[in-house]
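Here is a short tour of some charged side chains and a pair of strands. Have the structure open as you read.

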Amino acid sequence: MPTIAGPSSSPRKHIVAARSEITGGLRSAEVNTTRKRKLRSDSAAEVASMAVLTDNSPMKWKSPRRCVVSSPRTPKEEIEEDCNGNLESPVISAVKKQFNCLDVKSKWNPREDDQMRAVKEALHVSKAPSTVVCREDEQRRVFEFVKGCIQQKKAGSLYICGCPGTGKSLSMEKVRQQAEDWAKQEGLACPETVSVNCTSLSKTTDIFSKILGEYETGKKSNGSSSALQQLQIMFSQKQQSSSSKMMLIIADEMDYLITRDRGVLHELFMLTTLPFSRCILIGVANAIDLADRFLPKLKSLNCKPLVVTFRAYSNQQILRILQERLVALPFVAFQSKALELCARKVSAASGDMRKALCVCRSALEILEIEVKGSTDQEPQSPVTEDQVVKLDHMVFALSKTFKSPVVDTIQSLPQHQQIIVCSAAKAFRGSKKDRTIAELNKLYLEICKSSMITPAGITEFANMCTVLNDQGILKLSHARDDKLKRVSLRVDEADITFALKEIRFFRNCLL
């Protein structure tokens with residue numbers, strides 16, 4: 001509240017000082033505004049101020065302009081009316097400019113090649129976002145592991161598993177950058193990083209040559225020995241330099257290192273157990289059960305890794321990632337309901353973020369074809385406001401992406417054959433990849449009994465399995481007795497889930 005002027009103060013000076021204090025942070029807007037004539041509100045303010053000066057009793061004084069802007073009792077409609085009137089004060093002009101700055105999205109025009117290209121690039125799989133959202137907890141766990149190894153100068157191993165498209169490789173790249181930045185801030189030596197995509201190796205043993213080639217003393221080692229032997233000798237001897245760096249090895253797509261004897265995988269993890277090893281090994285693989293299959297053996301070799309699992313994305317997470325990619329664009333190209341539909345469908349099918357990006361790009365291309373077709377017919381037609389990717393575009397893109405001959409075949413099967421397919425999907429979820437017809441028939445009978453459906457006999461069951469074999473869904477081996485024939489699944493379980501998930505009965509069977 002402004003101070004009441006004393007008898008010796010000039011009323012005019014007091015009014016100017018009061019106005020300066022009231023306008024506060026908006027002074028810059030008032031300085032640049034040219035006032036052509038005296039406003040009516042200013043005259044009212046002067047009269048009110050003179051009345052305060054002549055009265056000896058203390059009184060609270062407020063500027064009429066400030067009351068209009070900041071009073072909670074003033075309705076929004078009254079403020080807008082003042083802003084649209086001919087007499088607009090500098091304070092209200094600044095407030096109006098501040099509110100207008102909130103609307104930064106320009107109009108989306110799908111006919112503009114530059115705008116269309118910008119949206120496609122934002123949704124491309126190779127476009128690495130600045131931040132990896134929805135994986136903060138997993139990144140923190142991996143980073144803390146790497147940081148602990150660097151601080152203690154101690155080797156260690158970590159295994160990351162998860163379904164495809166769950167942000168594993170992208171998160172590892174961010175962790176590598178975090179580790180280097182943290183080491184620089186702490187004044188420590190940055191670890192030497194070796195990133196190997198195992199799919200690019202011509203032989204599984206080439207991974208040791210990759211590691212040796214990046215190691216600073218690798219070229220001085222004996223060339224007659226194998227790369228693995230040189231690494232084992234190197235990490236079994238004390239380093240000459242006490243300031244030798246740690247080595248961060250990121251082996252992506254580790255599934256490809258699995259051989260019959262599994263020796264390469266075991267030897268790779270055993271590098272971290274050598275007396276003077278400084279390896280920080282991070283293995284990344286899509287196989288969920290790889291850790292279960294190899295952990296017992298690795299534990300017996302004293303090189304059991306820490307396991308971090310990347311779960312499939314939920315629909316909320318997929319929606320958030322899509323919004324993060326599109327929010328940087330200066331226009332709105334997707335209807336919010338279309339993005340929500342894409343997130344729900346992809347999370348229900350696989351939770352693969354790459355699949356969600358593919359669906360959105362496909363929907364964008366459908367809109368592009370639609371707009372170009374209308375342009376050819378009516379060249380002078382203006383761009384309407386609703387020419388964004390809508391629900392119908394997304395539905396068509398989803399059907400193109402997920403529909404396949406296998407899905408159509410499963411959906412067109414009779415009920416009992418669909419039950420057999422569900423039984424096979426449940427039977428082959430573990431490490432066992434085939435079963436006899438008799439074993440599969442037991443699962444089939446359990447599902448029929450729980451749902452009070454009359455089951456088919458064993459002979460008819462075997463005949464239905466033969467039909468599914470002819471359609472390429474099941475694979476039957478040869479045997480004299482039908483019950484002893486081995487059955488395996490030829491199609492992916494995700495296709496079975498997507499084909500039958502709309503029916504509650506089969507959705508419950510696949511749980």
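What kind of link do the side chains of lysine 147 and glutamate 144 meet in? In this predicted model, the two side chains meet in a salt bridge, at 3.6 Å from N to O. Both residues lie in helix H8, 3 residues apart, or about one turn of the helix. Lysine 147 counts as buried because its relative accessible area is 17%, while glutamate 144 is partly exposed at 39%.

The structure holds 11 salt bridges, and these are among them:

| Salt bridge | N to O distance |
|---|---|
| Lysine 147 and glutamate 144 | 3.6 Å |
| Aspartate 137 and arginine 140 | 2.6 Å |
| Lysine 120 and glutamate 368 | 2.8 Å |

The pair of lysine 120 and glutamate 368 links distant parts of the chain, helix H7 and helix H16, with the two positions 248 residues apart in sequence. Glutamate 368 is buried, at 14% relative accessibility. Lys120 and Glu368 also join Lys372 in a network of salt bridges. Aspartate 137 and arginine 140, by contrast, both sit in helix H8.

Now to the strands. E2 and E3 pair in the parallel sense over 6 bridges, and one of the partnerships joins serine 195 to isoleucine 250 in E3. Along E2, Glu192, Val194 and Val196 point to one face and are buried, whereas Thr193, Ser195 and Asn197 point to the other and are not.

Just past E3, glutamate 253 lies in the loop that leads to helix H12. Glutamate 253 is 56 residues from asparagine 197 in sequence, yet their C-alpha atoms are 6.1 Å apart. The contacts of glutamate 253 include Asn197, Cys198 and Val284.

Conventions:
Residues numbered from 1 in each chain as written. Predicted model: local features only at pLDDT ≥ 70, side-chain atom pairs only at ≥ 80, totals over all residues. Heavy atoms only, no water. Helix = DSSP H or I, 4+ residues; strand = E, 2+ residues; numbered from the N terminus. Contact = heavy atoms within 4.5 Å. Buried < 20%, exposed > 50% of the residue type's maximum accessible area, 1.4 Å probe, protein only. Pairing = 2+ DSSP bridges. Salt bridge = Lys/Arg side-chain N within 4 Å of Asp/Glu carboxyl O. Lists of a residue's contacts leave out its neighbours within four places in sequence.
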